[in-house]
Amino acid sequence: MSQVKIGVLISGSGSNLQSIIDNINSGNINGKIEVVISNKQNAYGLERARISNIDAVYIDSKQYNDNVEFNDVIIKELKKRNVELVILAGYLKILSNNFVKEYQNRIINIHPSLIPSFCGMNYYGLKVHQAVIDYGAKITGATVHFVNEEADAGPIIIQEAVKVKDNDTAETLQKRVLKIEHKILPEVVKLYCDKRIEVKGRKTYIR
Ligand code: GRF
């Protein structure tokens, strides 16, 4: 099977991006990252891409009239490189409906909680983990899912739980959840590239 062409969207440090790069380099994932795109100029993930000789593109949303126009520019960058799979790895902007339609069931996102808890608009970064602690939840985790028109609401592919400790802070919890993210995101990307994920309505099946 030929390598799946991947595009990764980021806004920050890109540690999840790194976990994919490492798994590709070790031969675990039958894919190739064609481009990393960031909406933040100083995102360290862009540097990680450059270090690995991957095209690193910064696109400033403020240069465009609205989110639709901005997303069309991203789509153009992806199409230019024949990207087949889009990975949102800590990408903090909402995709346009046009984008979601264009790449239906070909966009995956990683979220640092057990969806449908602690997710959706305004749940990002440390806020997610603080909300888990404030609620008094005993278990949280990470979720990899396909992206649809609603935030964090598409078909779930893999989830893994993490126990919340009595003395956890948002920071300590984030650290343990991130470790799980670095495990399950590459796992899903591998499954996708091996064409082992089937989607039926809201559900996914691993074959
Ligand atoms: C991760 O917690 C991810 O789940 C969320 O944003 C964070 C990104 O971290 N969507 P990094 O940029 O991959 O280090």
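1. In this predicted model, Asn-82 is found in the loop between helix H3 (67–80) and strand S4 (85–88). The phi angle of Asn-82 is near 55°, a positive value in a residue other than glycine. Most residues other than glycine have a negative phi, and most peptide bonds are trans.

2. The second backbone point concerns the bond between Ile-115 and Pro-116, which is a cis peptide bond with omega of about 15°. Pro-116 has its place in the loop between S5 and helix H5 (126–135).

3. Which residues surround the ligand? They are Ser-13, Gly-14, Ser-15, Asn-16, Gly-90, Ile-110, His-111, Pro-112, Leu-178 and Glu-181. Sorted by class, this shell has three nonpolar residues, six polar residues and one charged residue.

4. Polar contacts to the ligand include two to oxygen atoms: a backbone N or O atom of Gly-14 lies 2.8 Å from one ligand oxygen atom, and a polar side-chain atom of Ser-15 lies 2.5 Å from a ligand oxygen atom. In addition, a polar backbone atom of Ile-110 is 3.1 Å from a nitrogen atom of the ligand. On its own the ligand has 360 Å² of accessible area, and the protein covers 84% of that.

5. The ligand takes up the space of the largest pocket. Helix H1 (15–25), strand S5 (107–111) and helix H6 (170–193) are the elements that give two or more residues to the shell around the ligand.

6. Where does the ligand lie with respect to the domains? Domain 1 (1–103) and domain 2 (110–144 + 156–207) both give residues to the shell, so the ligand lies between them.

Technical notes:
Residues numbered from 1 in each chain as written. Predicted model: local features only at pLDDT ≥ 70, side-chain atom pairs only at ≥ 80, totals over all residues. Heavy atoms only, no water. Near = heavy atom within 4 Å. Polar contact = N/O pair within 3.5 Å; in protein donor to acceptor, adjacent residues only side chain to side chain. Areas by Shrake-Rupley, 256 points an atom, 1.4 Å probe, with all protein chains shown as cover. 1 Å grid on protein atoms, 1.4 Å probe; cavity = no way out; pocket = protein on both sides within 12 Å on 5 of 7 lines; lining within 4 Å. Sits in = over half its atoms within 2 Å of the grid points. Helix = DSSP H or I, 4+ residues; strand = E, 2+ residues; numbered from the N terminus. Nonpolar A, V, L, I, M, F, W, Y, C, P; charged D, E, K, R; others polar. Domains from an automatic or database assignment.
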